[in-house]
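Hi,

Here is the structure I promised to pass on to you. Have a look at it first, and then read on for my notes.

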Amino acid sequence: MRIRPILSILAVLALAAVTSCKRSDDYVPQPYVCDCGNLKWRGSTFELLDANHILLDSTEAFSRRYYITADIQAEGEELTHTLSMNLDSEDVGFGLLNLDDEDSEFSARVYERNDNDIFQPYREYQAIEGVVQVVPAIFGGSEPVQFSLVLREVDENGSLFGPEINFTGRFKVLVVL
């Protein structure tokens, strides 16, 4: 009499095991894209993977450190090739920020990681000129940013070298108050 409940349980488990396993299509990973902007690097446009911000100074409501990143892998490259930028400003409240010999209303650093380049997989660039336009999210919400920068590469000693590189783009971040 005890065998009957045990056999019933085993039959239910066997039926569940047979009917619950189904073959599905092979997994195809979908690349993450934030739909938050794009950038133009060396003549090609790339969608951003991410755009974020933090307060550069917790006592200043309009201070910003923006961070953006994009996959810039070219056709034929098999390994990681990404570009990221930190853009810092003590006050984005006026909306138009300049960087030139007389004004430094922001600073920007760009970092390139190219695992396909065995000789120099990491490069760093500094903005030497440029304009950033911000529509500050005074009451919170979406904060659009456009930038047009001129970069030069930075060597291990912190010195600028190489040709000037034009770097442009746009992105938006969500400001939560």
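Let me start with glycine 130 and its surroundings. Leaving aside neighbours within four places in sequence, glycine 130 is in contact with Leu97, Asn98, Leu99, Phe106, Ser148 and Leu149. This is a predicted model, so please read every value below in that light. Glycine 130 belongs to strand 7, and it counts as buried because its relative accessibility is 13%, under the 20% cut-off. One of its contacts, phenylalanine 106, lies 24 residues away along the chain, with 9.2 Å between the two C-alpha atoms.

What does strand 7 pair with on its C-terminal side? Strand 7 (residues 122-134) is joined to strand 8 (residues 141-154) by 10 bridges, and the two run antiparallel. Within that pairing, alanine 127 stands opposite leucine 151 of strand 8. The two strands form a hairpin with six residues between them, and glycine 140 in the turn has a positive phi of about 90°.

Strand 8 also pairs with strand 9 (residues 160-175), again in the antiparallel sense, over 13 bridges. Here glutamate 153 faces phenylalanine 161 of strand 9 as its opposite number. This hairpin has five residues between the strands, and glycine 158 takes a positive phi near 90° in it. If you look at side chains along these strands, one general point may help: in a regular strand they alternate between the two faces of the sheet.

Now to the other end of the sequence. Strand 1 (residues 37-41) and strand 2 (residues 44-54) pair in the antiparallel sense over four bridges, and lysine 40 stands opposite threonine 45 of strand 2. Two residues lie between the strands of this hairpin. One of the residues to look at there is arginine 42, in the loop between strand 1 and strand 2. Arginine 42 has a positive phi of about 50° although it is not a glycine. Is arginine 42 buried or exposed? It is exposed, because its relative accessible area is 54%, and the cut-off is over 50%.

Strand 2 pairs with strand 3 (residues 64-71) as well, in the antiparallel sense and over six bridges. In that pairing, the bridge partner of aspartate 50 is threonine 69 in strand 3.

Aspartate 35 may also catch your eye if you check backbone angles. Aspartate 35 has a positive phi of about 55° although it is not a glycine. For background, most residues other than glycine have a negative phi. Aspartate 35 is found in the loop between helix 1 and strand 1, and with 60% relative accessibility it counts as exposed.

On either side of aspartate 35 in the sequence are the partners of the disulfide. How many disulfides does the count come to? The count comes to one: cysteine 34 and cysteine 36 form it, with their sulfur atoms 1.7 Å apart. The angle about the S-S bond is -55°, and the link is left-handed. Cysteine 36 counts as buried because its relative accessibility is 8%, under the 20% cut-off.

Next, the helix. Helix 1 (residues 3-20) contains leucine 13, which counts as exposed at 55% relative accessibility. Leucine 13 is also part of a nonpolar surface patch of about 410 Å², made by Ile6, Ile9, Leu10 and Leu13.

Finally, some whole-chain values for your files. The secondary structure comes to one helix and nine strands, and from the N terminus on the elements run α-β-β-β-β-β-β-β-β-β. Of the 177 residues, 30% count as buried. The protein exposes about 12100 Å², with carbon and sulfur atoms supplying 54% of that area. Among contacts between residues at least 6 apart in sequence, 50% join residues at least 24 apart; the contact of glycine 130 with Phe106 spans 24 residues along the chain.

Happy browsing, and write back whenever you like.

Best wishes

Notes: Residues numbered from 1 in each chain as written. Predicted model: local features only at pLDDT ≥ 70, side-chain atom pairs only at ≥ 80, totals over all residues. Heavy atoms only, no water. Pairing = 2+ DSSP bridges. Buried < 20%, exposed > 50% of the residue type's maximum accessible area, 1.4 Å probe, protein only. Contact = heavy atoms within 4.5 Å. Areas by Shrake-Rupley, 256 points an atom, 1.4 Å probe, with all protein chains shown as cover. Disulfide = S-S within 2.5 Å. Patch = residues over 30% accessible without salt bridge, like charges linked within 9 Å, V, L, I, M, F, W, Y side chains within 5 Å. Salt bridge = Lys/Arg side-chain N within 4 Å of Asp/Glu carboxyl O.
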